[in-house]
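Trainee: Could you take me closely through one part of this model, the enclosed space inside the chain, and set it in the context of the whole? I would like to know what lines that space and where its lining comes from.

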Amino acid sequence: MNFERILEHHLMDHALAFNLTKHLVTLWSVSAACVALLSWAARSRSRAGLLLRGAVEAVALYLRDAVLEPIFGHSTATYLPYFLTLFFFILACNLVGLLPGAAAITGNISITFALASCTFGLIHLAGVKEQGLFSYIAHIVPGGLPKVLVPLIFLIEIVGLLAKCIALCIRLFANIIAGHIVSLAFLSLIFIFAQMSPYIGLGVAPAAVGLALFVYALDVLVAFLQAYIFTFLTALFVGGAVHPH
């Protein structure tokens with residue numbers, strides 16, 4: 001088993017490749033599947049459609065009432081579509097990445113970087129929309145500072161916003177890829193011990209597969225948790241630009 005090759009070609013892909021890659025096809029497929037599945041659930045009268053609609057509505061209401069409403073207040077309806085799209089897209093990508101043979105696209109740092117870039121752009125767009133361009137720029141720097149320090153503090157605040165978005169990018173990437181690496185490491189034990197003796201490899205196999213399945217079960221929980229954390233932190237950062245006081 002070539003551990004390095006598996007990581008490179010099945011998990012990380014090529015970050016700067018512009019050709020048709022497995023991760024790109026998966027990204028398009030997940031996006032199309034989300035649109036088709038949620039549209040079907042919204043219109044279907046079948047039992048399965050009603051069940052899916054009920055589950056989606058429960059999540060949407062929780063995000064609106066428990067996460068977005070306390071942060072955005074009367075502006076919640078304006079930002080609700082973006083955050084629902086963000087949550088369900090990340091969740092779908094995380095879950096698809098757990099299917100055998102599928103690409104874990106949120107374990108590709110170029111994908112999480114793009115998502116974090118959207119957060120960085122939304123912070124400033126929302127700030128300018130709610131406060132106006134000059135008022136938003138003025139509120140980036142805390143009031144009451146000596147004028148000589150204003151350029152330095154302004155630069156520090158911008159770097160701070162960048163650091164928050166980079167942390168978002170790395171957190172999602174690291175949490176998703178870590179589960180795959182640990183599962184592969186456990187399965188690799190079978191081949192490592194099999195090189196010593198085929199019988200030892202067979203003896204280790206049940207424990208290695210059991211541990212890999214345990215990590216896989218944890219990855220399902222991580223898929224939901226990381227989608228929620230990314231959405232919640234994005235809402236906090238954008239809310240700070242919408243309501244600076």
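Mentor: Of the 245 residues of the chain, 37% count as buried, and since everything that follows rests on a predicted model, the cavity should be read with that in mind. The chain has 8 helices and 0 strands, and from the N terminus on its elements run α-α-α-α-α-α-α-α. Along its principal axes, the C-alpha trace spans about 75 × 55 × 35 Å. Among the contacts with a separation of 6 or more, 73% are made by residues 24 or more positions apart. The surface that the chain exposes comes to about 13900 Å², with carbon and sulfur atoms supplying 75% of it.

Turning to the part you asked about, the count comes to 1 cavity of 30 Å³ or more, and about 50 Å³ of space lies in the largest cavity. Its lining consists of N94, L98, N175, I176, H180, D219, V222 and A223. Sorted by class, that lining has 4 nonpolar, 3 polar and 1 charged residues. The nonpolar group is made up of L98, I176, V222 and A223, the polar group of N94, N175 and H180, while D219 is the charged residue of the lining. As to where the lining comes from, helix 7, which covers residues 150-196, and helix 8, which covers residues 198-242, each supply at least two of its residues. N175, I176 and H180 fall within the range of helix 7, whereas D219, V222 and A223 fall within that of helix 8.

The link between these two helices deserves a look of its own. S197 is placed in the loop between helix 7 and helix 8, and this residue counts as buried because its relative accessible area is 19%, where the limit is under 20%. Measured against another part of the chain, S197 and C118 are 79 residues apart in sequence and 52 Å apart in space, C-alpha to C-alpha.

For a view of a site in another helix, consider A41, which lies in helix 2, residues 22-43. A41 counts as buried, with a relative accessibility of 3%. Leaving aside neighbours within four places in sequence, A41 is in contact with G49, L52 and R53. By contrast with those contacts, the separation of A41 and L145 is 54 Å in space, C-alpha to C-alpha, with their positions 104 residues apart in sequence.

Finally, there are the charged pairs. Side chains of opposite charge can pair when their charged atoms come close. In this chain the count comes to 2 salt bridges. One of them joins R64 to D65, with the closest N and O atoms 2.9 Å apart; R64 is partly exposed at a relative accessible area of 32%, and D65 also counts as partly exposed, at 43%. The other joins K129 to E130, where the closest N and O atoms are 3.5 Å apart. Here K129 counts as exposed, at 54% relative accessibility, while E130 counts as partly exposed, at 29%.

To return to your request, the largest cavity holds about 50 Å³ of space, and helix 7 and helix 8 each supply at least two residues of its lining.

Conventions: Residues are numbered from 1 along each chain as its sequence is written. This is a predicted model: local features need pLDDT of at least 70, side-chain atom pairs count only at pLDDT 80 or more; totals for chains, interfaces and linings use all residues. Side-chain values use heavy atoms; hydrogens and water are left out. On a 1 Å grid over the protein atoms alone, a cavity is a set of points where a 1.4 Å probe fits but cannot get out, and a pocket is an open set with protein on both sides within 12 Å along at least five of seven lines; lining residues have an atom within 4 Å of a point. Grid points are joined across faces, edges and corners, and a volume is the space filled by probe spheres set on the points. Helices (H or I, at least four residues) and strands (E, at least two) are DSSP runs, numbered from the N terminus. Buried means under 20% relative accessible area, exposed over 50%, partly exposed in between (1.4 Å probe, protein chains only). Contact means heavy atoms within 4.5 Å. Accessible areas come from the Shrake-Rupley method with a 1.4 Å probe; for residues, only the protein chains shown count as cover. A salt bridge is a side-chain nitrogen of Lys or Arg within 4 Å of a carboxyl oxygen of Asp or Glu.
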